[in-house]
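These are my notebook entries on one protein chain, written with the sequence and the model open side by side. I start with the term that the later entries lean on.

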Amino acid sequence: MYVCLCHSVTDTDIRRIVRTEGVCTMRELSGKLGVASQCGKCGRCAREVLREAVAEENAAIPCAGLAAV
Ligand code: FES
């Protein structure tokens with residue numbers, strides 16, 4: 001599903017970047033994909049998807065930035 005319409009970012013994109021680049025904060029996610037950097041309406045949904053994706057990946061490699069998600 002689309003999370004950010006302004007930048008055409010899907011939940012799959014977010015999960016992929018968490019898995020491949022170790023993104024684990026909204027700041028990193030916004031910097032990489034532009035999420036929540038334009039109208040901002042996607043922020044809440046993006047944060048939820050990010051939190052889920054990080055939790056899935058985080059079982060093996062703890063992320064210090066998780067608290068900042
Ligand atoms: S929908 Fe993501 S910045 Fe507008």
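Entry 1, burial. I call a residue buried if 20 or more other C-beta atoms lie within 10 Å of its own, exposed if 12 or fewer, and partly exposed in between. I keep in mind throughout that this is a predicted model. I looked up E57, which lies in helix 3, and because it has 17 C-beta neighbours inside 10 Å, I entered E57 as partly exposed. Leaving aside the neighbours within four places in sequence, I found E57 in contact with V18 and R19. I also noted that E57 and G22 are 8.7 Å apart in space, C-alpha to C-alpha, although 35 residues separate them in sequence.

Entry 2, overall layout. I counted three helices and two strands in the protein chain, and read their order from the N terminus on as β-β-α-α-α. Of the 69 residues of the chain, I have 26% down as buried. When I took the contacts between residues at least 6 apart in sequence, 51% of them turned out to join residues at least 24 apart.

Entry 3, helix 1. Which residues of helix 1 are buried? I found I14, I17 and V18 to be buried there. They sit on the same side of helix 1, because the arc they cover around the axis is only 100 degrees. On the face turned away from this buried side I found the exposed residues T12 and T20. I then asked what covers the buried residues of helix 1, and my list includes strand 1, strand 2 (9-10), helix 2 and helix 3. Just after helix 1, I noted that G22 takes a positive phi of about 70 degrees; this is the G22 that I had already paired with E57 in Entry 1.

Entry 4, helix 1 against helix 2. I looked up how helix 1 (residues 11-21) and helix 2 (residues 26-33) pack, and the angle came out at about 105 degrees, with the axes 11 Å apart. The two helices are therefore roughly perpendicular to each other, since angles of 65 to 115 degrees count as such. From helix 1, the residues D13, I14, I17 and E21 meet L29, K32 and L33 of helix 2. By class, I sorted this contact into four nonpolar, no polar and three charged residues.

Entry 5, the nonpolar core. The largest nonpolar core has 18 residues, and those with the most contacts inside it are V3, I14, V18, L29, V35, A46 and L50. I listed strand 1 (2-4), helix 1, helix 2 and helix 3 (43-58) as the elements that give two or more residues to this core, and the largest share, five residues, comes from helix 3. I followed A46 further: not counting residues up to four places away in sequence, A46 touches V3, C4, I14, M26, L29, V35 and A36.

Entry 6, V49. I looked next at V49, which also lies in helix 3, and because it has 24 C-beta neighbours inside 10 Å, I entered V49 as buried. Beyond the neighbours within four places in sequence, V49 is in contact with V3, D11 and I14. The C-alpha atoms of V49 and T12 are separated by 9.2 Å, while the two residues are 37 residues apart along the chain.

Entry 7, the loops. Where does S8 have its place? I found S8 in the loop between strand 1 and strand 2, with a positive phi of about 50 degrees although it is not a glycine. S8 counts as exposed, because I find 11 C-beta neighbours inside 10 Å. For comparison I looked up A36, in the loop between helix 2 and helix 3, which has a positive phi of about 65 degrees and is likewise not a glycine. A36, however, counts as buried, because it has 23 C-beta neighbours inside 10 Å. I noted that most residues other than glycine have a negative phi. G34 has its place in the loop between helix 2 and helix 3, and with 15 C-beta neighbours inside 10 Å it counts as partly exposed. Last, I wrote down that G34 and H7 are 27 residues apart in sequence and 6.4 Å apart in space, C-alpha to C-alpha.

Note on methods. Residues are numbered from 1 along each chain as its sequence is written. This is a predicted model: local features need pLDDT of at least 70, side-chain atom pairs count only at pLDDT 80 or more; totals for chains, interfaces and linings use all residues. Axes are lines fitted to C-alpha atoms, for helices over the stretch in contact, and angles run from 0 to 180 degrees between N-to-C directions. Angles under 35 degrees count as roughly parallel, over 145 as roughly antiparallel, 65 to 115 as roughly perpendicular and the rest as oblique. Two residues are in contact if their C-beta atoms, placed from the backbone, lie within 7 Å. Ala, Val, Leu, Ile, Met, Phe, Trp, Tyr, Cys and Pro count as nonpolar, Asp, Glu, Lys and Arg as charged, and the others, Gly among them, as polar. A nonpolar core is a set of buried Ala, Val, Leu, Ile, Met, Phe, Trp, Tyr and Cys residues joined through C-beta atoms within 7 Å. The arc is that of the directions from the helix axis to the C-beta atoms.
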